[in-house]
Amino acid sequence: MSRDAGASMTMRLGAGFLVIGTVLSGFGAITGIGLLAPQNAAVAAEDSSAVTQKWVDGAVIGGRVVSSSESASASPSESAMASDSASATGSASASTSPSASNATAADPTRADQPVSVTSADYSTFKDLSVTVSQTKKLASQGILVTWTGAKATAEGEFTTDYMQIMQCWGDASTGPTPDQCQFGASTASLNALLGTGVASRSLGSKDSDPAQSYDSSVLMPTTPARPNAKNYAIPFRTVTGERVFYVSDYFANATTNEVDAVRSGGDGSGQSLFQLQTSLDAPHLGCGAETSEGSARSCWLVIVPRGEYNTNGTPASANVDGRVSGSPLSQSAWNNRMVFPLSFLPTSSQCAIGATEVRIVGNEQFTDAMTSWQAAICGKGMTLGYSQLGDDEAKAQLESTSSGTTKLAVVSSPLSTSTTPAAEVAYAPLAQNAIVIAYTIDRSFKVDASDTSDAYKARMKTNGTPVTNLTLNARLVAKLLTQSYRIDVPGGGVKAPLTNNPYTLVRDPEFVALNPEFANFQASAAPEGLIVSLGSGDNTAEVWNWIKSDPVAAAFLDGKADEWGMVINPNYKSLHIASDDSINSFPKADLTVADADKASGIPGFGTLDMRPYSNDYADSAYHAARLDAGTKIVWDSTKSPAQYVSGGSQLPGQHFEIAITTLTSAERYGLNVAKLVNSAGQAVAPTAETITAAVNTMTATTASPVVAVPDFSKRVLDTYPLPTVSYAAVSFCDATTADLAGYSTFLEYAADEGQVSGQDTGELPIGYVPLTTSQRAQVAKVAKLLVSPGEVAAICDPATATSSPSPSPSASSDDGDITGGTSDSAPAGAEVPVASDMPSAAQALGAGDSSLALYAGKTANDTTGIQGAAVAVSMALGIPALLGGFVLLRKGRKLSRIRL
């Protein structure tokens with residue numbers, strides 16, 4: 001071969017290697033990126049409708065006027081923002097840029113009063129910036145309101161400088177008027193905590209607010225007892241036009257969502273979890289209801305910052321109590337309002353009336369997904385009816401021979417093969433969720449005027465602000481569930497052996513060791529028990545199994561004291577929870593009755609009055625978000641008959657509620673969720689990654705390998721201990737052809753569009769973790785089976801099958817069996833070996849060691865499985881090919897340049 005031919009051949013080989021190397025390396029890189037950035041439901045569904053407003057920019061749509069001198073003091077960016085806001089809402093230029101003289105003149109006939117740049121309010125609020133976490137696609141849910149640039153609320157009390165928040169209706173583009181806002185359902189406790197009129201709709205006397213118009217529209221009706229009285233208040237006007245001065249006809253303290261006061265920290269920041277209400281919760285507001293134009297009615301969020309001046313212009317410091325006075329609906333306070341438009345999802349049914357309905361029953365963990373999917377599936381020509389039942393009741397529907405029962409149930413564990421042949425029930429995963437402990441807690445630190453340390457000063461700057469980091473282990477949850485803290489027993493647990501137990505969770509050394517900031521909380525800080533739901537279910541059993549899998553928690557349930565001498569409430573020891581595998585509810589076994597007041601004829605109250613059940617997991621989250629556990633221990637002699645009633649929601653700055661619920665419900669109501677200590681001794685929060693990792697460690701059941709359940713004997717890092725998977729169980733041999741077709745349509749949606757995370761109708765609600773590709777394939781396979789008569793006949797009645805059905809799935813199928821075999825949803829290598837130096841579960845959780853050390857290590861990224869192998873092979877071949885290609889090309893060019 002000639003030198004030129006050799007050079008040419010070498011260069012061609014080099015070019016070929018370059019192409020191969022580029023393809024392989026590119027494939028490996030793309031696959032590797034996919035592994036390094038797994039799908040995260042929370043991130044994928046991150047809301048983009050958050051809105052931030054600055055007080056100096058007007059902040060009220062068409063509302064509070066920004067004076068020219070005020071605009072001049074703003075930065076160019078602030079002025080531009082104000083201009084954009086005005087143009088977006090169609091505000092007249094005269095309103096957005098009045099003269100300085102107009103900015104200080106109050107016109108009582110206008111709802112959009114100006115604010116003077118020389119007023120104290122301006123200097124107080126000029127740096128205030130407020131963000132609302134979500135303003136579109138809203139439902140009955142929680143939204144987070146955060147702010148910066150405020151003045152710190154006075155330590156210890158709500159005297160000055162705090163926020164008031166309310167929900168309003170209003171069809172005008174300029175926002176609501178005061179009479180359209182749900183506010184003023186005050187209580188005696190609130191009135192005592194806040195200044196005169198601050199929690200009410202009362203306007204006081206005519207000299208209470210010079211900017212307010214005191215005409216007949218705000219003059220309250222007289223009473224026979226006071227025929228000449230002249231009391232003024234802002235009436236409430238409903239969305240349908242009714243007008244009342246006594247708001248209890250429409251909302252009361254137990255139903256309103258108003259936030260009467262929320263603190264700002266020492267750094268001027270703060271936050272409040274606000275619970276929105278739709279027309280289903282508050283028909284008088286009508287949010288989300290269908291309008292005459294066929295759209296869903298929008299509403300408004302109004303935030304009224306309160307400073308240091310009363311509505312009459314005098315300083316709060318001049319008041320006897322030092323508290324700012326006047327209703328936020330009074331004109332001077334209303335002028336400072338900030339308004340955010342809220343767009344709601346429709347609350348009316350989108351399914352055609354009279355359409356054929358396919359009935360499905362199932363557990364609560366799937367309810368939120370089903371609620372979202374139902375309206376979307378209607379568009380496919382089918383109406384789905386869903387009834388939420390416990391797992392046992394749902395399974396009983398499948399096993400029933402009665403007419404009218406459904407043959408598709410959503411469950412967490414398989415049916416017993418002793419009652420239903422495994423081959424006649426097809427299983428498919430639908431949604432992944434988690435059981436969580438959600439909470440709303442305000443920091444309530446002890447005040448010590450003698451403490452001048454920097455640590456104390458820093459701590460007090462956050463006093464009254466929300467706690468956002470909480471860790472619980474299995475034994476602490478066991479203590480809460482068994483009324484072992486004295487405060488959870490009617491009468492205060494005054495009998496042995498409870499007398500030596502901590503009075504509250506906050507006074508438990510075990511709790512403080514995991515949550516050090518609570519060491520400085522006031523002695524009175526305590527939750528109203530642990531809010532739990534009534535009824536039974538597989539996921540409730542899962543909570544108990546997690547607790548009992550921990551050696552020290554199981555020992556506590558069995559009667560062994562903890563390191564500080566705390567013992568289980570003896571009424572629960574007799575239940576033998578530690579050894580009873582059938583327990584799947586949250587019993588309330590202490591029948592103690594608080595001492596009655598015989599002299600006054602007031603009876604005692606029991607556990608169910610003081611620590612009542614909620615209806616279900618979602619209701620538990622709702623009560624925690626509303627800051628009202630439903631406790632009824634306030635005697636009301638005015639009732640007929642006289643009875644114990646609720647004292648209402650917890651007071652601002654004193655919030656402390658915790659509840660067992662689902663992650664979807666916690667997300668819906670905007671609750672914080674606690675980290676739980678897993679079997680590896682690691683405190684883990686419920687995220688898409690930690691839930692997926694936990695699902696991958698689940699163990700297949702003997703009744704159906706498709707259905708897996710948690711295995712608490714596995715000590716695996718970075719796994720959340722209480723994952724849940726909801727499965728569709730289809731008893732297809734007993735179903736009609738029409739029902740099977742409906743079930744198939746439902747499953748097809750669940751495997752495809754239903755796995756898109758988001759807040760819109762038809763999407764997978766936030767809190768769920770989307771199914772993996774292989775899990776979705778399992779769902780699609782079952783959907784296909786249900787509309788394959790030959791395959792169904794071959795399984796259900798093989799003796800009379802007349803056609804040659806397609807081979808039914810078997811254990812050897814690549815993507816798993818429908819009714820048996822092996823599911824491939826758990827990838828290889830899911831069980832991560834625990835390092836030999838990891839503490840045992842007992843050591844990690846503090847058995848015999850007051851340090852209660854948690855495992856703090858991290859596992860390395862593991863790229864095992866098919867994708868990991870693809871990365872390794874691609875990069876191993878691609879990189880050498882690239883290098884070889886470069887070398888050969890270079891050598892070829894060198895040969896071509898050599899002349900004989």
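Does Cys733 count as buried, partly exposed or exposed, and what is its relative accessibility? Keep that one in mind while we walk through the structure, which is a predicted model.

Let's start with the overall picture. The protein has 900 residues, and 51% of them count as buried. Its fold is built from 26 helices and 28 strands. Take the contacts between residues at least 6 apart in sequence: 74% of these join residues at least 24 apart. On the outside, the protein exposes about 38,400 Å², with carbon and sulfur atoms supplying 54% of that area.

Now for the cysteines. Searching the whole structure turns up three disulfides. One of them joins Cys168 to Cys181, with an S to S distance of 2.0 Å. Cys168 sits in strand E4 (residues 162-168) and Cys181 in strand E5 (residues 181-182), so this bond ties together parts that are 13 residues apart in sequence. The torsion about the S-S bond of Cys168 and Cys181 is about 100°, which makes the disulfide right-handed. Both ends are hidden: Cys168 has 0% relative accessibility and so counts as buried, and Cys181, also at 0%, counts as buried too.

Another disulfide runs from Cys287 to Cys299, again with 2.0 Å from S to S. Here Cys287 lies in the loop between strand E11 (270-275) and strand E12 (299-306), while Cys299 belongs to strand E12, so the pair ties together parts that are twelve residues apart in sequence. The torsion about the S-S bond of Cys287 and Cys299 is -100°, and the link is left-handed. Cys287 and Cys299 are both buried.

That brings us back to Cys733. Its disulfide partner is Cys796, and the two sulfur atoms are 1.9 Å apart. This pair links distant parts of the chain, 63 residues apart: Cys733 is in the loop between strand E28 (723-730) and helix H22 (737-751), and Cys796 is in helix H24 (residues 789-796). With a torsion of about -85° about the S-S bond of Cys733 and Cys796, the disulfide is left-handed. As for the opening question, Cys733 has 23% relative accessibility, so it counts as partly exposed. The cut-off behind that call is simple: buried means under 20%, and exposed means over 50%. Cys796 comes out at 24% relative accessibility, so it counts as partly exposed as well.

H22 shows up again when you look at helix H10 (residues 367-378), since H22 is among the elements that cover the buried residues of H10. Other parts of that cover include strand E14 (357-362), strand E15 (383-388), strand E17 (426-441) and helix H20 (663-668). H10 is mostly covered, with nine of its twelve residues buried. Among those buried residues are Met370, Trp373, Ile377 and Cys378. The length of H10 checks out too: at 1.5 Å a residue, its twelve residues should span 16 Å, and the end C-alpha atoms are 17 Å apart, which agrees.

Finally, have a look at how some of the strands pair. Strand E2 (residues 129-132) and strand E3 (residues 142-148) run antiparallel and are joined by four bridges. Within that pairing, Thr131 has Thr146 in E3 as its bridge partner. E3 also runs antiparallel to E11, with six bridges between them. There, Ile143 stands opposite Phe274 in E11. You have met E11 already: the loop that holds Cys287 lies between E11 and E12.

Technical notes:
Residues are numbered from 1 along each chain as its sequence is written. This is a predicted model: local features need pLDDT of at least 70, side-chain atom pairs count only at pLDDT 80 or more; totals for chains, interfaces and linings use all residues. Side-chain values use heavy atoms; hydrogens and water are left out. A disulfide is a pair of cysteine sulfur atoms within 2.5 Å. Helices (H or I, at least four residues) and strands (E, at least two) are DSSP runs, numbered from the N terminus. Buried means under 20% relative accessible area, exposed over 50%, partly exposed in between (1.4 Å probe, protein chains only). The expected span of a helix is 1.5 Å times one less than its number of residues. Contact means heavy atoms within 4.5 Å. Two strands pair if DSSP finds at least two bridges between them. Accessible areas come from the Shrake-Rupley method with a 1.4 Å probe; for residues, only the protein chains shown count as cover.
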